[in-house]
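Here is a brisk tour for a reader new to this structure. Keep the sequence and the 3D view open while reading.

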Amino acid sequence: MIPEDSILEEKASYNVNRRAGRKDKKPLPIGVSSYIEAVERYYYVDKTLMIKDFIDTLPKVSLFTRPRRFGKTLNMDMLRVYFEKREEDNSVYFKDKAIWKCGTKYQEYQGKFPVICLSFKDVKYNGWENALKDISELIRYEYLRHEELFRSDACSSAEKEFYSKIANGSMDEVELAHSLSYLSVMLHKHYGKETIIIIDEYDTPIHQGFINGYYDEAVSFIRKLFSGAFKDNKSLAYGFLTGILRVAKESIFSGMNNLKVNTIMEDRFSSYFGFTRQEVHDMLKYYNMQDKMTEVREWYDGYRFGISEIYNPWSVINYVDERCVAKAFWLSTGSNDVIGDIISAASTDILEKLRRLLQGESVVTYVDVGVIYPEISNNPSSIFSFLLVTGYLRNDEISPQADGSYMCRVKIPNKEISLVYTREIISKIKGDQGEPVALQIAQAIFERNISKLSDAINRYLTQTISCYDTSSEAFYQGLLIGFCAMLSHKYIIRSNREAGLGRFDIEMKPMVSELPAYIFELKNSKNSKESLDKLAEKALEQICDKKYDTDLKAEGVKDIIRIGIAFRNKEAAMKIL
């Protein structure tokens, strides 16, 4: 273990340097979704050229699908502030931004439209009654934000009566379903200009409905709400929606020929959700952390949206704020229950592909970006489409198909997501006292406790796998790499690399000198009479005979633990040196 006083000294020294480097620097916008607040008080990554790309094409209704925490809410509020007609002059928030340098053609759109703006990102309830109540409150507050309509001479008495019903919270579900279309008509009459409607995270109630059993009610209501707002609405200027899934097959957008869908596959708008490499470099330079670029790339880069290489913005911001300690920040930002449900019902073929992904390989799979929640449960093969659009995979190669789907070569994008897989997939199986077996295995490795390691691995094999799954050494290697990944914040984990006189199976190289290194050699026996203990001893001897520790020794690593493991179906034996 690292001496506690050494840790305290290192932290104290780092904090002094960090404070010196952060002096007079703007704070980072963790959890900030207000555009005005972000540009006034925080370090802001300029995404205003998104406005230019929109004005250049002017689609009637735009849907942007991106993973959670990739800047959707902040971008939607940016659009609201830019386009909304207000008494105050909002142009001051853009005059030093990229969009203002694009000229008068784009400046003329600023502050010219009435805007309706709602975010469903927090509509997360166990029952439909409470979900609907929350949606009604969001719409009610949006009505109250436009209280000028109640006094407007341009609106009829019947419209004002409807307005009062919504504003007082006395509307029924049918009236609520028509509320956005009524509000857009009234705004159009009052301002003499068609209305922009923005709905952020539109699919959150649908996702929650799927998990909690009110899916049909959520889909039915949102279909009616959107039909009045975006379909054949003469008072609509433009519409913007964001979400994680497209949900096109639900008929939520049925008949909306004016809808332009921008998924992670499209080139347009590809660089506006998440950070580009240059944006990350500029941020690290601003905070005097340029030397951390390689680590940031390994942990948080790897996404590909259209033609753009993208970093996870939530994780990068938290990494810089947390004194550059690499963690899986994205893991705690949302529920991964759907993934766990899929894994529990996955076929051997899907599990094999997941194993290969965890080993850093890529797999070829069919991808439908319009994947919907019922398909995920009824058709487990759709898991890779879901994992791709939700941010758990990246696409390396794309081949568009005639039906609008794709054939893609996909892989895990970075270390952070590899750790997410480990925790959300491998660690689903519980051991003694309810503790995840995978966590017990990782702890045993870290504690050098060979007895605990042997017991935990045997327990995991017994509880989780079928004998039909255990046909190759690679299968066991993939499992062990997944367990080791839980220590990836302390170790560099490598597999199948040349060292000494051969290729080791797994190596764990410590990031700090106080920790030991590990070398694993695995053997798989198909002979029921063969002694697993002797086979494990043979694996251990191979580590020594082949001198797999050569590179570690050359790098100055002195404490090296060598472990030979032998497997047969659901059994394992191991030897340590």
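## A loop residue and a buried helix

Phenylalanine 273 sits in the loop between strand 5 (259–262) and helix 12 (277–286). The model is a predicted one. Is phenylalanine 273 buried or exposed? Phenylalanine 273 is buried, as its relative accessible area is 0%. Now look for lysine 72. The C-alpha atoms of phenylalanine 273 and lysine 72 are separated by 6.6 Å. Along the chain, the two residues are 201 residues apart.

Lysine 72 leads on to helix 4, where Lys72 is one of the buried residues. Helix 4 covers residues 72–83. How many of the 12 residues of helix 4 are buried? The count is 12 of the 12, so the helix is largely enclosed by the rest of the structure. Among them are nonpolar names such as Leu74, Met76, Val81 and Phe83. Charged ones are on the list too, including Lys72, Asp77 and Arg80.

The length of helix 4 can be checked. Its 12 residues should span 16 Å, at 1.5 Å a residue. The end C-alpha atoms are 17 Å apart, which agrees.

## Helix 11

Helix 11 takes in residues 215–230, which makes 16 residues. From its first C-alpha to its last it reaches 22 Å. That is close to the 22 Å expected at 1.5 Å a residue. The buried residues of helix 11 are Tyr215, Ala218, Val219, Phe221, Ile222, Leu225, Phe226, Ala229 and Phe230. Aspartate 232 follows helix 11. Its phi is positive, near 55 degrees.

## Positive phi in a loop

Which loop holds arginine 323? Arginine 323 is in the loop between helix 14 (313–321) and helix 15 (337–344). Cysteine 324 lies in the loop between helix 14 and helix 15 as well. Arginine 323 is not a glycine, yet its phi is positive, at about 60 degrees. Cysteine 324 is also a residue other than glycine with a positive phi, near 60 degrees.

Their exposure can be set side by side. Arginine 323 is partly exposed, with a relative accessible area of 32%. Cysteine 324 has a relative accessible area of 7%. Cysteine 324 is therefore buried, since buried means under 20%.

## Salt bridges

Side chains of opposite charge can pair when their charged atoms come close. How many salt bridges does a search of the whole structure find? It finds 27 salt bridges. Three of them are set out here.

| Pair | N to O distance |
|---|---|
| Glutamate 84 and arginine 86 | 3.8 Å |
| Lysine 509 and glutamate 555 | 2.2 Å |
| Arginine 568 and glutamate 571 | 4.0 Å |

Start with the pair of lysine 509 and glutamate 555, whose side chains meet in a salt bridge. This pair links distant parts of the chain, 46 residues apart. Lysine 509 is in strand 12 (residues 502–510). Glutamate 555 is in the loop between helix 24 (550–554) and strand 14 (560–568). Glutamate 555 is partly exposed, with a relative accessible area of 44%.

Next comes the pair of glutamate 84 and arginine 86. Glutamate 84 counts as buried, at 2% relative accessibility. Arginine 86 is partly exposed, with a relative accessible area of 31%.

In the pair of arginine 568 and glutamate 571, arginine 568 is buried, with a relative accessible area of 11%. Glutamate 571 counts as partly exposed, at 43% relative accessibility. Elsewhere, salt bridges that share partners join Asp77, Arg80, Glu84, Arg86, Glu88, Glu142 and Arg145 into one network. Asp77 and Arg80 are also among the buried residues of helix 4.

## Surface patches

Which residues gather in a patch of negative charge on the surface? They are Asp533, Glu537, Glu541 and Asp545. Aspartate 533 belongs to helix 23 (residues 532–545). Aspartate 533 is partly exposed, with a relative accessible area of 44%.

A nonpolar patch is found on the surface too. Val364, Tyr366 and Met407 make it, and its area is about 250 Å². Tyrosine 366 has its place in strand 8 (residues 363–367). At 42% relative accessibility, tyrosine 366 counts as partly exposed.

Note on methods:
Residues numbered from 1 in each chain as written. Predicted model: local features only at pLDDT ≥ 70, side-chain atom pairs only at ≥ 80, totals over all residues. Heavy atoms only, no water. Patch = residues over 30% accessible without salt bridge, like charges linked within 9 Å, V, L, I, M, F, W, Y side chains within 5 Å. Areas by Shrake-Rupley, 256 points an atom, 1.4 Å probe, with all protein chains shown as cover. Lys, Arg positive; Asp, Glu negative; His and termini not counted. Charge placed at Lys NZ, Arg CZ, Asp CG, Glu CD. Helix = DSSP H or I, 4+ residues; strand = E, 2+ residues; numbered from the N terminus. Buried < 20%, exposed > 50% of the residue type's maximum accessible area, 1.4 Å probe, protein only. Expected span 1.5 Å × (residues − 1).
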